[in-house]
Amino acid sequence: MNRMEAEFSNLVKAYRKRHMGKGPERVTTTFCKSWAICEMAGNLSPVEKFMAKTGDGRQMLRTARTEMVKEIYKDHPPVEMEALLGAKFIQLFVDIDIAQDVGMSVFVFDEDLEKKFGTRNG
């Protein structure tokens, strides 16, 4: 991760904590074209881990941690992320593996972040 990717990771953690009550313990971001790809670990709270012991609980958590997260970003646009990158947020793709407590979020922006911040060698 370069400096901008690390700063973006910190903003993701802070945003999730502010709007969801708990942010991921670790976020690793990679810029690829117009995407900011975030790998997240340690997403679930102790109560959510308890809920994940049942099939219904896992399904409810998966819905909350995917579809509901996308709604939060629609209702509360990530203006701090846009300001950091100097790019407009367009869309979010989210997935999570409840059993492993790891997730992925792909933020789509209106500019080529990889080119803008020179994150690739070669």
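A residue is called buried when its relative accessible area is under 20%, exposed when that area is over 50%, and partly exposed in between, using a 1.4 Å probe and protein chains only. This is a predicted model, in which local features need pLDDT of at least 70 and side-chain atom pairs count only at pLDDT 80 or more, while totals for chains, interfaces and linings use all residues. Residues are numbered from 1 along each chain as its sequence is written, and side-chain values use heavy atoms, with hydrogens and water left out.

**View 1. The whole chain, from end to end.** Welcome to the overview. The secondary structure comes to five helices and four strands, where helices (H or I, at least four residues) and strands (E, at least two) are DSSP runs numbered from the N terminus. Following the sequence, you will meet them in the pattern α-β-β-α-α-α-β-β-α. The C-alpha atoms fill a box of roughly 45 × 30 × 20 Å along the principal axes. The radius of gyration of the chain is 15 Å, which agrees with the value near 14 Å for a compact globule of 122 residues; the radius is taken over C-alpha atoms, and the globule rule is 2.2 Å times the number of residues to the power 0.38. Buried residues make up 40% of the 122 residues. Of the contacts between residues at least 6 apart in sequence, 59% join residues at least 24 apart, a contact meaning heavy atoms within 4.5 Å.

**View 2. The surface and its charges.** The accessible surface of the chain comes to about 7,000 Å², and 54% of this belongs to carbon and sulfur atoms. Accessible areas come from the Shrake-Rupley method with a 1.4 Å probe, and for residues only the protein chains shown count as cover. Look next for the 19 positive and 18 negative side chains, two sets whose centres lie 3 Å apart. Lys and Arg count as positive and Asp and Glu as negative, with His and the chain ends not counted; each charge is placed at NZ of Lys, CZ of Arg, CG of Asp or CD of Glu.

**View 3. The hairpin of S1 and S2.** Strand S1 (residues 26–32) and strand S2 (residues 35–41) pair in the antiparallel sense over seven bridges; two strands pair if DSSP finds at least two bridges between them. Cys 32 has Trp 35 in S2 as its bridge partner. Two residues lie between the strands of this hairpin. One residue to find in the loop between S1 and S2 is Lys 33, which has a positive phi of about 55 degrees although it is not a glycine. Lys 33 is exposed, because its relative accessible area is 57%.

**View 4. The two faces of S1.** In a regular strand the side chains alternate between the two faces of the sheet. On S1, Val 27, Thr 29 and Phe 31 form the covered face, while Arg 26, Thr 28, Thr 30 and Cys 32 form the uncovered one.

**View 5. Ile 37, between neighbouring strands.** Ile 37 lies in strand S2 and stands opposite Val 106 in S4. S2 and S4 pair in the antiparallel sense over seven bridges. With a relative accessible area of 18%, Ile 37 is buried. Leaving aside neighbours within four places in sequence, the contacts of Ile 37 include Thr 29, Cys 32, Met 104 and Val 106.

**View 6. The hairpin of S3 and S4.** Eight bridges join strand S3 (residues 89–97) to S4, and the two run antiparallel. Asp 97 has Val 102 in S4 as its bridge partner. Strand S4 (residues 102–109) is mostly covered, with six of its eight residues buried. Four residues lie between the strands of this hairpin. In the loop between S3 and S4 you can find Asp 101, a residue other than glycine with a positive phi near 55 degrees. Asp 101 counts as buried because its relative accessibility is 11%.

**View 7. Two residues in helices.** His 19 lies in helix H1 (residues 3–20) and is partly exposed, with a relative accessible area of 27%. Not counting residues up to four places away in sequence, His 19 touches Ile 72 and His 76. The C-alpha atoms of His 19 and Tyr 73 are separated by 9.1 Å, although the two are 54 residues apart along the chain. Turn now to Glu 82, found in helix H4 (residues 79–85). Glu 82 is buried, with a relative accessible area of 18%. Beyond its neighbours within four places in sequence, Glu 82 is in contact with Ala 87, Lys 88, Phe 89 and Phe 109.
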